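Biologist: I'm new to sheets and strands, so could you walk me through this one? Let's put it up on the screen.

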Protein chains: 2
Amino acid sequence: MAWLTAAAAPCCQQYPDVFCNRIYFGVPFRQPPVCMNSSRPYIIRALYEWIVDNGCTPYLLVDANLEEVQVPTEYVENGKIVLNVSPSAVRELSFGNEDISFSARFGGTSRVLYFPVTAVLAVYARENGKGMMFSDDDGMQPPPEPAPASPSTKKPSLKVVK
Amino acid sequence: MAWLTAAAAPCCQQYPDVFCNRIYFGVPFRQPPVCMNSSRPYIIRALYEWIVDNGCTPYLLVDANLEEVQVPTEYVENGKIVLNVSPSAVRELSFGNEDISFSARFGGTSRVLYFPVTAVLAVYARENGKGMMFSDDDGMQPPPEPAPASPSTKKPSLKVVK
């Protein structure tokens, strides 16, 4: 049986052998895996909202070693910095899909901070430490196996939250 | 040294021996751990947005055995049902902190579905299975140890996303 093959998107070319088989208009169609951006910024925003809704203080643990990171270096310890990003502690907070920025006071002086989302190692509540730590490779793993078209029989590559 | 002790909130009384020590107005103060609601509804909304933003189809895996769950029983397999909750497949979708509801067509007939957030076992993209699976106990674990007041020295009870 002949298969139609879609041209792989650039970010999919690292997994050229992974395809899911679908049928469009009666024609079998080999589709490359759908590439998605990182879920990390979405999770960060969700946990920030969760922590604030619970009246707690959201903290970000940031890797200060990345070149693009702009944070007060005098508060960096072991290459990392813990930042209080509660609404009362920061101004002009922007949680983008690519980067995070805000201004905050350090030692009485207002500073503008900027860092890419990839520099965020964890988001958690100061009061009890509840939150989430991120690994380096979230959001871009290939699917573990070619996915069948039927949703009820497929085995999703799900991640466990305990 | 005398300690002031805050009355534990009802949901904290299951962990009566876990306190974090703080100082208010110069007086040491033993505070019960801050109780938070489940992060699951926040994560579900975040992953839903992430999947839709990437042009994929959000699927929910729902435990149909819970008493409050109202789903088409004829589509339940092994006590679970997979639901397509893409914007084009449902109407009046409501992702609350306590429950999820929407209407959708099954076999040509519009049905209203309702289930508590606790019934959601997973949210993932149909196209590649990327998403997250939930355990039964997320969101209400006690902190692993009494948390010190200093944020830079505490050890958060973080969860790993790989």
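Modeller: Sure, starting with E6(B) and strand E7 (residues 99–106) of chain B, which pair in the antiparallel sense. This is a predicted model, where local features need pLDDT of at least 70, side-chain atom pairs count only at pLDDT 80 or more, and totals for chains, interfaces and linings use all residues. Residues are numbered from 1 along each chain as its sequence is written, while chains are lettered from A and ligands numbered from 1 in the order in which they are written.

Biologist: How many bridges join E6(B) and E7(B)?

Modeller: Strands (E, at least two residues) are DSSP runs, numbered from the N terminus. Two strands pair if DSSP finds at least two bridges between them. For E6(B) and E7(B), the number of bridges is 4.

Biologist: Which residue in E7(B) stands opposite Phe95(B)?

Modeller: E6 of chain B covers 90–95, and its partner E7 covers 99–106. Opposite Phe95(B) stands Ile100(B).

Biologist: What is the order of the strands in the open sheet of chain B?

Modeller: That sheet has 3 strands with antiparallel pairing. Strands E6 and E8 (109–116) are the edges, each pairing on one side only. The order is E6-E7-E8.

Biologist: Over in chain A, why is one side of E6 and of E8 left without a neighbour in the sheet?

Modeller: Chain A has an open sheet of 3 strands, ordered E6-E7-E8. E6 (90–95) and E8 (109–116) stand at its edges, so each has a single partner strand.

Biologist: Which residue is the bridge partner of Val90(A) in E7(A)?

Modeller: E6(A) and E7(A) are antiparallel over 4 bridges. Val90(A) has as its bridge partner Ala104(A).
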